[in-house]
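Colleague: Before I set anything up around the ligand and the empty spaces of this protein, could you take me through them one at a time?

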Amino acid sequence: MHNTILITGGAGFIGSHVVRLFVNNYPHYQIINLDALTYAGNLENLKDIKDKPNYKFVKGDITDESFIDELFATHQFDGVIHLAAESHVDRSIMDPLAFIRTNVMGTAVLLNAARKYWKDNYEGKLFYHVSTDEVYGSLGAEGFFTEETAYDPRSPYSASKASSDHFVNAYYHTYHLPVVISNCSNNYGSNHFPEKLIPLAIHNIKNNKPVPVYGKGENVRDWLFVEDHARAIDTIFHKGRVGETYNIGGFNEWKNIDLINLLCMIMDKKLQRAPGTSAKLITFVKDRAGHDLRYAIDATKLNKELGWAPSLQFEEGLEKTVDWYLANEEWLEHVTSGAYQDYYSEQYQKR
Ligand code: NAD
Ligand code: TYD
């Protein structure tokens, strides 16, 4: 039984869904959400649960060792679910060191604090590290990533996540810290920051702006609805075996251009535009450096061992996602004003 749980990165996209699920489903748990509120962190994502008695927000940086030590000393955590990270591949190409700081150093600081504060009694404790399928590198036309696939990260983002996974495993083998890791495919859903493909395309289509598709749009991603990821994290946190890795995926591969065409059709319908209107905005732009061709997860282990399966068909999930963005214009306006404009110009102007 884990009673006081630290969730890092809980103001971000996936983290906010995980925090909400834990706060609502486990009223007897105390959930501490630690987040530095970078450009990607937004407390508006959690306004529906902010006053719940079993929820507390703490602003802070996971790379700040003395702050993290103090937090562990104060709260006596039983479990950690670690999601805080720099998460966008294009930003990692612009500024790799920021990714090493947060994803590698930040994870190591948390592991070390857990080791120090739990060392006398690991009973009932768990350090859950949330990672990505991108650590496995890039697939050709065939095959899937399994838990046995060798790591082969190819972007600064995936290299930093791979490194953090290695540290988690090192703390398990060296100090017997009770850990579990999951590696998930691309998520989509509400509260997704519009630097990533799906929310960026929704935002641009709505505003009649070009929809940038890298290269020829032939890269393939395996998409999972974010609430299904949060449910998988809940399942693994409570039932996963210590020291194990679980792959999480949607069994749902889409070529980028096919996905964008589907999204354009949904947007035409929702915005009552003539069929084909949104697709005219598709603009092929310079490819991402080192662009991984294909990701595809084999989530059989999680399904067979712990009984998890995705709940939504992609078309249904995508429509729900579009509905959310169209109903939450204020959220989009808040996150795309200010610094977002500078990022957007730097990333897309020269393409
Ligand atoms: P996100 O960028 O939306 O959110 C990251 C959160 O971490 C933000 O709230 C940010 O403020 C916080 N944060 C960043 N640096 C911090 C620091 N130094 N200290 C404290 N907080 C900090 O990311 P996301 O898409 O929600 O991803 C969450 C986790 O899931 C990440 O570890 C990511 O690698 C992993 N993941 C993401 C996906 C995906 O499709 N988005 C897929 C698989 C795994
Ligand atoms: P993204 O959402 O950044 O996730 P990841 O790189 O982690 O998979 O990108 C998803 C796919 O969409 C990826 O193949 C890159 C591509 N892409 C575009 O074609 N245009 C864009 O503007 C963005 C942000 C991504």
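Modeller: For the residue classes used below, Ala, Val, Leu, Ile, Met, Phe, Trp, Tyr, Cys and Pro count as nonpolar, Asp, Glu, Lys and Arg as charged, and the others, Gly among them, as polar. Please keep in mind that this is a predicted model.

Colleague: By class, how many nonpolar, polar and charged residues does the lining of the second largest pocket have?

Modeller: The lining of this pocket includes Ile93, Met94 and Ala289, along with Gln347 and charged residues, among them Asp90, Lys286, Glu346 and Arg351. Sorted by class, the lining of the second largest pocket comes to three nonpolar, one polar and seven charged residues.

Colleague: Which element gives the largest share of the lining of that second largest pocket?

Modeller: The pocket has a volume of about 230 Å³, and two helices, α3 (89-94) and α12 (339-348), each supply at least two residues of its lining. The largest share, three residues, comes from α3.

Colleague: What volume does the largest cavity have?

Modeller: A search of the whole structure turns up one cavity of 30 Å³ or more. Among the residues that line the largest cavity are Val89, Ile93, Ser155, Arg221, His291 and Tyr295, and by class its lining has four nonpolar, three polar and three charged residues. The volume of the largest cavity is about 50 Å³.

Colleague: Turning to the ligand, which side chain has an N or O atom 2.7 Å from an oxygen atom of ligand 1?

Modeller: With polar contacts taken as pairs of N or O atoms within 3.5 Å, Thr38 offers a backbone N or O atom that lies 3.0 Å from an oxygen atom of ligand 1. The side chain of Thr102 places an N or O atom 3.4 Å from a nitrogen atom of the ligand. The side chain with an N or O atom at 2.7 Å from a ligand oxygen atom is that of Tyr157.

Colleague: How much of the accessible area of ligand 1 does the protein cover?

Modeller: On its own, ligand 1 has 840 Å² of accessible area, of which the protein covers 96%.
The elements giving two or more residues to the shell are α1 (13-25), β5 (126-132), α5 (156-175) and β7 (186-188), and the shell has 13 nonpolar, 13 polar and three charged residues. To return to the value you asked for, the covered part is 96%.

Colleague: Which residues come nearest to ligand 1?

Modeller: There are 29 residues around ligand 1. Those that come nearest are Ile14, Asp35, Ser87, Tyr157 and Lys161.

Definitions and conventions:
Residues numbered from 1 in each chain as written. Chains lettered and ligands numbered in written order. Predicted model: local features only at pLDDT ≥ 70, side-chain atom pairs only at ≥ 80, totals over all residues. Heavy atoms only, no water. Near = heavy atom within 4 Å. Polar contact = N/O pair within 3.5 Å; in protein donor to acceptor, adjacent residues only side chain to side chain. Areas by Shrake-Rupley, 256 points an atom, 1.4 Å probe, with all protein chains shown as cover. Helix = DSSP H or I, 4+ residues; strand = E, 2+ residues; numbered from the N terminus. 1 Å grid on protein atoms, 1.4 Å probe; cavity = no way out; pocket = protein on both sides within 12 Å on 5 of 7 lines; lining within 4 Å. Points joined across faces, edges and corners; volume = space filled by probe spheres on them.
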